[in-house]
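Biologist: Hi! Could you walk me through this protein? I'm new to reading structures, so plain words please.

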Amino acid sequence: MKEILRVRSGEIEPVPAILTRGAAEAKIQGIYRLEEGRRLVAVLSTDNLFRDQDLTEYVASQKEKTREMSSPDSSSDDEEQFIVFQLEGEEYGLPIASVDEVVRVPETLSRLPKAPVFIEGVMNLRGRVVPVIDQRRRFNLEGRGERRRERIIVVTIDKMQAGFVVDSVSEVLKIPGRQLRPTPDLAADGSQIIDRIANIDTEERMILLLNPRELLDKAEKDLLAAMGDGHLARPAP
């Protein structure tokens, strides 16, 4: 801590356009000039600075509420909650109950020998070795998203845990049951990763909802096929 500055709000200049690409992720919301421009103070956006932590805490609190609502003595309002994320401009959703947390992509990931191309590597998540899967490559999407906006969604189903790299995570969304539609079974192998579609008419918005069990099962099968070893895909209990 160096000093406390008292400034008029009108003296804070907007951030140059080059720093506001991907505005939702911008950590700087303004610039204040001192000493006739020889000294610049970047004004941080608290909303975005703590966005990941807030989102993780919100996920945890909502999962607890979901468990309480699913108890025999509680009633349901026919709403479901989903973590909404983006891949190549398309919106996808995962049930909040299956999501452990949302984290930034580490600066470095430990690469695995003979791993399939969609495996970015493994990361240490509080003592657990978690395989990190690039969803762009698994969905056969070209290129990749902006690294600074990418997030890892950590999912656990039946003690199997994996992290999925996505372009960005936008929100936790409550969707009424009447806006959920089933999808036709078009998968040749009988799996159906996208099992429902959320059709939000008021916003002219469509969200593809993923089945986390199918998502992890297919990831494990792909790992087994490419590596001939299931130890990384299903850690010991």
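Biologist: Among contacts between residues at least 6 apart in sequence, what share joins residues at least 24 apart?

Modeller: That share is 55%. Keep in mind that this is a predicted model.

Biologist: Okay! How many helices and strands are there?

Modeller: The protein has 4 helices and 13 strands.

Biologist: And what percentage of the residues is buried?

Modeller: Of the 237 residues, 39% are buried. As for the outside, about 14,200 Å² is exposed, and 51% of that comes from carbon and sulfur atoms.

Biologist: Let's go inside. Which residues touch the most other members of the largest nonpolar core?

Modeller: Those are Phe 85, Leu 94 and Ile 153, in a core of 26 residues. Several elements give two or more residues to this core, including strand E3 (79-87), strand E4 (90-95), strand E8 (151-157) and helix H4 (212-227). The largest share, 4 residues, is supplied by E9.

Biologist: What is Leu 94 in contact with, leaving aside neighbours within four places in sequence?

Modeller: Its partners include Phe 82, Phe 85, Val 99, Ile 153, Leu 210 and Leu 215. There is also another core, apart from the largest one, with 10 residues, among them Val 103, Met 123, Ile 152 and Val 154.

Biologist: New topic: holes! How many cavities of 30 Å³ or more are there?

Modeller: The count is 2. The second largest has a volume of about 40 Å³.

Biologist: How can you find empty space in a model at all?

Modeller: You roll a probe the size of a water molecule over the atoms, and that shows where empty space is left.

Biologist: Neat. Which residues line that second largest cavity?

Modeller: The lining is made of Phe 85, Leu 94, Gln 135, Ile 153, Phe 164, Val 166, Leu 210 and Leu 215. By type, 7 of the lining residues are nonpolar, 1 is polar and none is charged. You'll recognise Phe 85, Leu 94 and Ile 153 from the largest nonpolar core.

Biologist: Last thing, backbone angles. Which residue in the loop between E3 and E4 should I look at?

Modeller: Try Glu 88, which sits in that loop. The phi of Glu 88 is near 50°, a positive value in a residue other than glycine.

Biologist: And where is Arg 126?

Modeller: Arg 126 lies in the loop between strand E6 (119-125) and strand E7 (128-134). Arg 126 has a positive phi too, of about 50°, although it is not a glycine.

Biologist: Is Arg 126 buried or exposed?

Modeller: Arg 126 is exposed, with a relative accessible area of 66%. Glu 88 is partly exposed, at 46%.

Terms used. Residues are numbered from 1 along each chain as its sequence is written. This is a predicted model: local features need pLDDT of at least 70, side-chain atom pairs count only at pLDDT 80 or more; totals for chains, interfaces and linings use all residues. Side-chain values use heavy atoms; hydrogens and water are left out. Buried means under 20% relative accessible area, exposed over 50%, partly exposed in between (1.4 Å probe, protein chains only). Contact means heavy atoms within 4.5 Å. Accessible areas come from the Shrake-Rupley method with a 1.4 Å probe; for residues, only the protein chains shown count as cover. On a 1 Å grid over the protein atoms alone, a cavity is a set of points where a 1.4 Å probe fits but cannot get out, and a pocket is an open set with protein on both sides within 12 Å along at least five of seven lines; lining residues have an atom within 4 Å of a point. Grid points are joined across faces, edges and corners, and a volume is the space filled by probe spheres set on the points. Ala, Val, Leu, Ile, Met, Phe, Trp, Tyr, Cys and Pro count as nonpolar, Asp, Glu, Lys and Arg as charged, and the others, Gly among them, as polar. A nonpolar core is a set of buried Ala, Val, Leu, Ile, Met, Phe, Trp, Tyr and Cys residues joined through side-chain atoms within 4.5 Å.
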